[in-house]
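Please open the model in your viewer and keep the sequence panel beside it. The tour below moves from one selection to the next and says what is to be found at each stop.

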Amino acid sequence: MNSRARTQAWRYAVVVGALGVITAVDFRLHVNPTTVALMFLVAVLLASAYWGLRYALVLALGATAAFNYFFLPPIGTFTIADPQNWVALFAFLVTAMVASNLAERARHEAESAQQRRREVERLYGLSQRLLASENVLELLNALPQYVQETFSVGSVAVITADQPTIYRSSPDPAIEESALRSTLLRGEPTRHGGISYVPLRLGVRTVGALGVTGFDLSPETLDALGSLAGLGLERARALEALSKNRAMQENERLRSALLDSVTHEFRTPLTSLKASVTSLLSGASLDEIAQRELLTVIDEETDRLNRLVGEAAEMGQLDAGLFKLDLKPHSILDALQPALQDARAALDGHVVELTVPLALPKVRMDVERIREVLRHLLDNAGKYSDGGTPIKVTSELKNGALVTSVADRGPGIDSFEQSLIFEKFYRGRHERYAAPGTGMGLAIARVIIEAHGGTLGVVSQLGSGSVFTFTLPAIA
């Protein structure tokens, strides 16, 4: 005997037992018929309200028979002598049956309301999970599992109009591909073989179809589920299109910035190269000193062009993540001293003040990359500071990190621009044409420092200079 049959048998036994108890107690205490009828009626209402109409009807019929036999004269027989008792018995039976029917209806409506509430809560939970996906393929792969977990159904399969693949929550062949495609084409819900097929709608347009097995969902919930899933898919498509559009706009902006920066920065060295080469080819009598000066200009401007091209290529590699750090324990001086040599042209005419204790612990770093960061910071400090002003470089251990700063006495950076100068190709409004540069140095430096697990920032005040600071995690 299964659990459902055992439950029914137990309930019928309780009904019979309650009938017997009420009858025995009232008969022994000689309770008047009106009170007996009310007690039977309360029992019928309770049975109908909690267990259903079938149990209430059994109890009502049994109570009618017991009421007649034990409480209506002549007692001990099913004969009714007084016609008024016929009316009372009939009224009791009708009242019990009507009351049990009303209680059953109220119970059914309460259960329906609870079911609808649970389904609405589940739909809301599903909508929250759908909103977390912004990629169509990711959502299609997750949607069947979401529906299965949220509504506790057997298995789920989804198909869309623009994807030939069927996405399933489990490898269950019960949901047929032909039925899914038929639902997609017709746009009408169907059910056959214990499986429901629901179109995924966006307004009047059908964008897919959903198959569900092992369910106990109302048609309204299935329809809402189809609309919600269709809306989620369309939202993901819209977000993808928006992301692509924004990416294209950003790509166009960076291309314009790159062209503007490269055009301006290449023009100066190319002009110098052209003038020097033209002078050498003109056939004019130039002494050895003049020739050497022109060759020096060619050499320096060629190095500058090479650096510009190298920075552009490096920026592309860093953006794409196509670089690997060679992390080894090093002193910050291992990177700082070569960086000072690299930036000697920009630092010419400045006094560099170093405050770097020799006792500073080593940190894990890619020494060549950190050397490059320091070179960019020192180059900027030299380019944007007046000649003769000092440039201070300090390094100290603070809060478990090595903090290195480069301070200058330049014009300072406006507070609005302090968050922009680390963007690719951005150059200050007032410094754009005052000093050579591509706007890539600080962007490169930030990517390198963040790859080390550190931070790069600036503190600046107009007219008082700037302090660029980066941190590197100390070795634990």
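Begin with strands E4 and E5, which form a hairpin with two residues between them, and look in the turn for Gly-203, which has a positive phi of about 70°. Bear in mind throughout that this is a predicted model.

Keep the hairpin selected and follow its pairing: eight bridges join strand E4 (residues 195-202) to E5, and the two run antiparallel. A useful pair to label is Ile-195 and Thr-213, since Ile-195 stands opposite that residue of E5. Now add strand E1 (residues 155-160), which is joined to E5 by six bridges and also runs antiparallel to E5; here Val-156 stands opposite Val-212 of E5. If you then colour strand E5 (residues 205-213) by accessibility, you will find that the strand is mostly covered, with seven of its nine residues buried.

Next, select helix H2 (residues 33-50). Its 18 residues should span 26 Å at 1.5 Å a residue, and the C-alpha atoms at its ends are 26 Å apart, which agrees. Show the side chains of Val-36, Ala-37, Phe-40, Leu-41, Ala-43, Val-44, Ala-47 and Ser-48, which are buried in H2. These residues cover an arc of only 160° around the axis, and therefore they lie on the same side of H2. This arrangement can be read against a general rule: an α-helix has 3.6 residues a turn, so residues three or four places apart point the same way. Turn to the other side of H2, and Thr-34, Leu-38 and Tyr-50 are exposed there. Both ends of the helix deserve a look. At the start of H2, a side-chain oxygen of Asn-32 comes to within 2.9 Å of the backbone nitrogen of Thr-35, while just after H2 Gly-52 adopts a positive phi of about 120°.

Move on to the open sheet of five strands, whose order is E7-E9-E10-E12-E11 and whose pairing is mixed. Strand E7 (351-355) and strand E11 (456-461) stand at its edges with a single partner strand each, so that one side of each has no neighbour in the sheet. Averaged over the sheet and with direction ignored, neighbouring strands are turned by 15° against each other. Within the sheet, zoom in on strand E9 (residues 390-398) and strand E10 (residues 401-407), which run antiparallel and are joined by seven bridges; Lys-392, for instance, has Ala-407 in E10 as its bridge partner. Then add helix H9 (residues 332-342), which lies across E7, E9, E10 and strand E12 (465-473) and runs at about 175° to E7.

For the last close-up, select Ile-413, in the loop between E10 and helix H12 (441-451). Is this loop residue Ile-413 buried or exposed? With a relative accessible area of 15%, Ile-413 is buried, because it falls under the 20% limit. Apart from its neighbours within four places in sequence, Ile-413 is in contact with Gln-418, Ile-421, Val-458, Ser-460, Leu-462, Ser-466 and Phe-468. Measure also from Ile-413 to Val-459: the two are 46 residues apart in sequence, yet their C-alpha atoms are 8.5 Å apart in space.

Finally, zoom out to the whole protein chain, which has twelve helices and twelve strands. Of its 476 residues, 41% are buried. Among contacts in the chain with a separation of 6 or more, 64% are between residues 24 or more positions apart.

Note on methods
Residues are numbered from 1 along each chain as its sequence is written. This is a predicted model: local features need pLDDT of at least 70, side-chain atom pairs count only at pLDDT 80 or more; totals for chains, interfaces and linings use all residues. Side-chain values use heavy atoms; hydrogens and water are left out. Helices (H or I, at least four residues) and strands (E, at least two) are DSSP runs, numbered from the N terminus. The expected span of a helix is 1.5 Å times one less than its number of residues. Buried means under 20% relative accessible area, exposed over 50%, partly exposed in between (1.4 Å probe, protein chains only). The arc is that of the directions from the helix axis to the C-beta atoms. A polar contact is a pair of N or O atoms within 3.5 Å; within protein, one must be able to donate a hydrogen and the other to accept it, and residues adjacent in sequence count only if both atoms are side-chain atoms. Two strands pair if DSSP finds at least two bridges between them. Axes are lines fitted to C-alpha atoms, for helices over the stretch in contact, and angles run from 0 to 180 degrees between N-to-C directions. Contact means heavy atoms within 4.5 Å.
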